[in-house]
2 protein chains.
Amino acid sequence: MKVAVIGANGKIGRHLVHLLGKSDHQVRAVIRNEQQQPDMVKLGADEVLVADLEQTIDDAVMGCEAIVFTAGSGGHTGANKTLLVDLDGAFKTIDAGVVHSVDRFIMVSSMMADRPEQGSDKMRHYFVAKGRADERLRESGLNYTIIRPGRLTDEPGKGTIMIPDNKETFGNIPRADVAATIVEALEMEHTYRRSFDLLTGDIPIAEALRSF
Amino acid sequence: MKVAVIGANGKIGRHLVHLLGKSDHQVRAVIRNEQQQPDMVKLGADEVLVADLEQTIDDAVMGCEAIVFTAGSGGHTGANKTLLVDLDGAFKTIDAGVVHSVDRFIMVSSMMADRPEQGSDKMRHYFVAKGRADERLRESGLNYTIIRPGRLTDEPGKGTIMIPDNKETFGNIPRADVAATIVEALEMEHTYRRSFDLLTGDIPIAEALRSF
């Protein structure tokens, strides 16, 4: 598959470009800043495309078979960026997927995006933005998988995860394992049109994705 | 008509409750803070209902024939409130309108909401929030009117307005005239399923609404 990674220079994005570069897939790294281009090639990108999510990003997904949206302000930048990137940038990317018939779409969402009213005052707007983007993707007709990771860490990937089956389980997940989960899910039918929380755990990624 | 005013204690909301209170319509003032209740009754509200747009507001519109959404952070509060109130609060109100079959919906939007990419860095997130809410309303199936006023002032209402037919005209509009335009538009079929910019001008409100 030819995969457009939106937010390729983000922390998850960089893991993802590297993993996709080593796989049978082709990867188009979509970045905001031209100066990141050599770095993306070094990581394993087959193509690099510069696009600004706050403007138009239509071309960024054209000709691909899958989109991974992992651009984001992470909840710690200004809330104006949360609105412009996490919500509006996601809306634009989903719409571009529909227009250009890029059927497969994996969204890197966030735990709590499906229940923002339970979020802290400080984080609620972020969960709302992620949740509204997820909603739009679900209603888009695209073949989606929505992954809602717990608190992201920079620890080395373990290759094992947990997909909790209740809402009482909280925890961390290394960004490397989120990226590995995305790669594994890309063509796994059991994940099509589904949404799930994602934490670190002891189950090999493929096994966890086949059995949740 | 029984009209739910969402954001009744806002500056436009207060004008609107007062005008609707004097009209043949019935007005339900929807406010966030219980302590505003006596004031709303004094202004002319037939009913007062306390609801928080950041939580669930389903009951706020039930049993009404029209909704006016004029809640908002105005672009000068934190961007997290823009996301939670102007965008998410509007989404919830539109969805509640659909669920409870409240067919008529007037949105107080903002000039530039239909072209946020032209907005200043400081205001762009606000225009995006208003524009996404307008988009959702247009796609809701409800009988909408979207009013995009220019810069709001607290000057006395003139009773005369302008609906510019191009995008090069900027200007002000007293909040009192925005409220009067809403009341006039409520049952005027020429405004159904239409969106327009609104500025102060020299044309009587009803005439301007009939002829744009």
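1. Let's start with a helix pair in chain A of this predicted model. The axes of helix 3 (residues 79–99) and helix 4 (residues 124–138) of chain A come within 9 Å and cross at roughly 5°. With angles under 35 degrees counted as roughly parallel, that makes helix 3 of chain A roughly parallel to helix 4 of chain A.

2. Who touches whom here? From helix 3 of chain A come A79(A), T82(A), D86(A), L87(A), A90(A), F91(A), I94(A) and D95(A). They meet H125(A), Y126(A), A129(A), K130(A), R132(A), A133(A), R136(A) and L137(A) of helix 4 of chain A. Sorted by class, this contact has nine nonpolar, two polar and five charged residues.

3. Now the two copies. Chain B superposes on chain A after a rotation of 180° with 0.0 Å of shift along the axis, at an RMSD of 0.0 Å. The copies are thus related as by a two-fold rotation axis. If you want to find that axis in chain B, look for A79(B): its C-alpha is the nearest one, 2.5 Å away.

4. On the interface: 100% of the interface residues of chain B are also interface residues in chain A, so the copies meet through the same surface.

5. Last, a cysteine to look at. C64(A) sits in the loop between strand 3 (47–50) and strand 4 (66–69) of chain A. Buried or exposed? Its relative accessibility is 6%, and buried means under 20%, so C64(A) counts as buried.

6. As for the neighbours of C64(A), leaving out residues up to four places away in sequence, C64(A) touches K2(A), V3(A), A4(A), R28(A) and V102(A). A4(A) is 60 residues from C64(A) along the chain, yet their C-alpha atoms are separated by 6.3 Å.

Terms used:
Residues are numbered from 1 along each chain as its sequence is written. Chains are lettered from A and ligands numbered from 1 in the order in which they are written. This is a predicted model: local features need pLDDT of at least 70, side-chain atom pairs count only at pLDDT 80 or more; totals for chains, interfaces and linings use all residues. Side-chain values use heavy atoms; hydrogens and water are left out. Axes are lines fitted to C-alpha atoms, for helices over the stretch in contact, and angles run from 0 to 180 degrees between N-to-C directions. Helices (H or I, at least four residues) and strands (E, at least two) are DSSP runs, numbered from the N terminus. Angles under 35 degrees count as roughly parallel, over 145 as roughly antiparallel, 65 to 115 as roughly perpendicular and the rest as oblique. Contact means heavy atoms within 4.5 Å. Ala, Val, Leu, Ile, Met, Phe, Trp, Tyr, Cys and Pro count as nonpolar, Asp, Glu, Lys and Arg as charged, and the others, Gly among them, as polar. Copies are superposed by least squares on the C-alpha atoms of residues with pLDDT of at least 70 in both. Buried means under 20% relative accessible area, exposed over 50%, partly exposed in between (1.4 Å probe, protein chains only).
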